[in-house]
Amino acid sequence: MEGRRGSHAFFIGVILLAAAIYLLLILPTQWVKVESVRANIGVGLRILQISDLHVDMLRVSPSALKRIIHDAKPDYILLTGDYTYREAYLPRLEQYVRMIASCGIPAYAVLGNHDYEFPRVKRIIGLFRANGIPVLRNESIQLPRFQLVGIDNSSTGHSRPTRAFKHVVRKNGKPVIVMTHDPNVILTMSEQFHYMMAGHFHGKQLNIPFFFKLKSKGPLPDRGIYKGVHQHALGKFYISKGIGQAGVNARFLVRSEVTIHDL
């Protein structure tokens, strides 16, 4: 009888442990938070930011993400880097890229550090462009209500802010919106902007003390700046917590995120 009770207690303990692991580490990667930010920079548009897809460790399906896009009803979609670093996952990335393109909403992308680990990064770029999504690599474009600047990834040494701003027109009255992956680039820039969107830090991903001491991500996290809205002398910027994971496929006290920016 005591043996049966012991086995029963052990079985219950295993179930409780599995439930705790799921609730604390797995559910936050599936239960996407749609964060809303109102910046009021005079653009009068809604932009949906999707950052850090990491399709190799993404638990949000293309159909679930499509529902989020449909409900958000954005005017533009901006993809701020880190799609995959493994060639085997390129077909899965294609599913997401095609889904985003099928929404009929203008979309633009920049590259992240993981994308530069990909054996042939041009294949990622080609995938986006084949689906009508330009990849901005230190360049800007003029859109009807604003100027969009795409700065390449800073942590891999590919960012060239001065080149990215070369064709920005300061006198045309259009606000300047910047998209980049690693927000640390702001510390090396001199060009002013109205609003910047970035990612890279995953909102810490595992919300434990001294996380960025164990895994260095540059000077901004060292200053406690790794998510949300911040004000800099050059302009206001936002750091997304991202939708996918890297390193370990888990989040602790940090939910996956896509962000609605009402500008």
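This is a short walk through a predicted model, one selection at a time.

**Stop 1: helix α1**

Start by selecting residues 2–30, which make up helix α1, and pick out Y22 within that helix. Is Y22 buried or exposed? Neither label fits: its relative accessibility is 37%, so Y22 counts as partly exposed. Show the neighbours next, and you will find Y22 touching L27, P28 and Q30, leaving aside residues up to four places away in sequence. Now add A250 to the selection and draw a distance between the two C-alpha atoms. Y22 and A250 are 228 residues apart along the chain, yet their C-alpha atoms are separated by 9.3 Å.

Stay with the helix and select L16, which also has its place in α1. With a relative accessibility of 56%, L16 counts as exposed, because the cut-off for that label is over 50%. Extend the selection to F11, I12 and I15, and turn on the surface: together with L16, these residues form a nonpolar patch with about 390 Å² of accessible area.

**Stop 2: the six-stranded sheet**

Switch to a cartoon view and look for the open sheet of six strands. Reading across, the order is β5-β6-β7-β8-β10-β9, and the pairing is mixed. Which strands stand at the edges? They are β5 (139–142) and β9 (228–232); each has a single partner strand, so one side of each is left without a neighbour in the sheet. Tilt the view to follow the twist, which averages 20° from one strand to the next.

Zoom in on the β9 edge. Its pairing with β10 (residues 235–239) is antiparallel and runs over five bridges. To see the register, select G228, which stands opposite I239 in β10.

**Stop 3: the salt bridges**

How many salt bridges does a search of the whole structure find? The search gives nine, and a few of them deserve a selection of their own.

Begin with R123 and E87, whose closest N and O atoms are 2.4 Å apart in their salt bridge. R123 lies in helix α4 (residues 121–130), whereas E87 sits in the loop between β3 (76–80) and α3 (90–102), so this pair ties together parts that are 36 residues apart in sequence. Colour by accessibility and you will see R123 as partly exposed at 37%, with E87 also partly exposed at 28%.

Move on to D152 and R137, another salt bridge, with the closest N and O atoms 3.6 Å apart. This pair links distant parts of the chain, 15 residues apart: D152 is in the loop between β6 (147–150) and α5 (161–164), and R137 is in the loop between α4 and β5. The accessibility labels of the two partners are worth a look. D152 has a relative accessibility of 3% and counts as buried, whereas R137, at 30%, counts as partly exposed.

**Last stop: a small network**

Finish by selecting K33, E35, K241 and E257, which are joined into one network by salt bridges that share partners. One link to display is the salt bridge between E35 and K33, where the closest N and O atoms are 3.4 Å apart. K33 itself counts as partly exposed, at 32% relative accessibility.

Terms used
Residues numbered from 1 in each chain as written. Predicted model: local features only at pLDDT ≥ 70, side-chain atom pairs only at ≥ 80, totals over all residues. Heavy atoms only, no water. Helix = DSSP H or I, 4+ residues; strand = E, 2+ residues; numbered from the N terminus. Buried < 20%, exposed > 50% of the residue type's maximum accessible area, 1.4 Å probe, protein only. Contact = heavy atoms within 4.5 Å. Pairing = 2+ DSSP bridges. Axes fitted to C-alpha atoms, helices over the stretch in contact; angles between N-to-C directions. Patch = residues over 30% accessible without salt bridge, like charges linked within 9 Å, V, L, I, M, F, W, Y side chains within 5 Å. Areas by Shrake-Rupley, 256 points an atom, 1.4 Å probe, with all protein chains shown as cover. Salt bridge = Lys/Arg side-chain N within 4 Å of Asp/Glu carboxyl O.
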